[in-house]
Amino acid sequence: MATLVYLLPIALFLGALGLGAFLWALRTGQYDDLDGAAERVLIDAEPRGEP
């Protein structure tokens, strides 16, 4: 029972930290273009000149 005194605040802190990181990512636009990277993989890059 004494370990709950230590583990519960640590768990709450880590949960709040994860939620804060998620909200920060939403505010900075990390999830704005979900399809762009998936489509860019399929597009062939233009060939570069031979060295």
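**Exercises on a two-helix chain**

Arg40 sits in helix α2, which covers residues 34-42. Keep in mind as you work that this is a predicted model.

**Exercise 1.** Work out whether Arg40 is buried or exposed, and how far its C-alpha atom is from that of Ile10.

*Solution.* Start with the surface. Arg40 has a relative accessible area of 54%, and the cut-off for exposed is over 50%, so Arg40 counts as exposed. Next, the distance: Arg40 and Ile10 are 30 residues apart along the chain, and their C-alpha atoms are separated by 41 Å.

**Exercise 2.** Place Ile10 in its helix, then find the surface patch that includes Ile10.

*Solution.* First, the helix: Ile10 belongs to α1, residues 2-27. Second, its exposure: with 47% relative accessibility, Ile10 is partly exposed. That clears the bar for patch members, which is over 30% relative accessible area. Third, the neighbours: Ile10 joins Val5, Tyr6, Leu7, Phe13, Leu14 and Leu17 in a nonpolar surface patch, and together these residues have about 780 Å² of accessible area.

**Exercise 3.** Check what secondary structure fills the span that UniProt lists as "transmembrane region".

*Solution.* Grab the record first: an unreviewed UniProt entry gives residues 6-26 for this feature. Now look at the model over that span. Residues 6-26 are 100% helix and 0% strand, and the C-alpha atoms at the two ends lie 31 Å apart.

**Exercise 4.** Classify the ring pair made by Phe22 and Tyr31 as stacked, edge-to-face or tilted.

*Solution.* Begin with the count, which comes to one aromatic pair. The ring centres of Phe22 and Tyr31 are 6.1 Å apart, and pairing asks for centres within 6.5 Å. Then take the planes: they meet at 50 degrees, so the pair is tilted. Stacked would need under 30 degrees and edge-to-face over 60. To finish, check the exposure of both partners. Phe22 is partly exposed at 42% relative accessibility, and Tyr31 is partly exposed too, with a relative accessible area of 43%.

**Exercise 5.** Why is the protein chain described as more spread out than a compact globule?

*Solution.* Take stock of the elements: the chain has two helices and zero strands. Then compare radii. The radius of gyration is 22 Å, well over the 10 Å that the globule rule gives for 51 residues, so the chain is more spread out than a compact globule. For the outline, the C-alpha atoms fill a box of roughly 70 × 25 × 15 Å along the principal axes. Last, the burial and surface: buried residues make up 4% of the 51, and of about 5200 Å² of accessible surface, 66% belongs to carbon and sulfur atoms.

How values were computed: Residues numbered from 1 in each chain as written. Predicted model: local features only at pLDDT ≥ 70, side-chain atom pairs only at ≥ 80, totals over all residues. Heavy atoms only, no water. Helix = DSSP H or I, 4+ residues; strand = E, 2+ residues; numbered from the N terminus. Rg over C-alpha atoms; globule rule 2.2 N^0.38 Å. Buried < 20%, exposed > 50% of the residue type's maximum accessible area, 1.4 Å probe, protein only. Areas by Shrake-Rupley, 256 points an atom, 1.4 Å probe, with all protein chains shown as cover. UniProt positions renumbered as here; feature names shortened; annotations may be inferred. Phe/Tyr/Trp six-rings, centres within 6.5 Å; stacked < 30°, edge-to-face > 60°. Patch = residues over 30% accessible without salt bridge, like charges linked within 9 Å, V, L, I, M, F, W, Y side chains within 5 Å. Salt bridge = Lys/Arg side-chain N within 4 Å of Asp/Glu carboxyl O.
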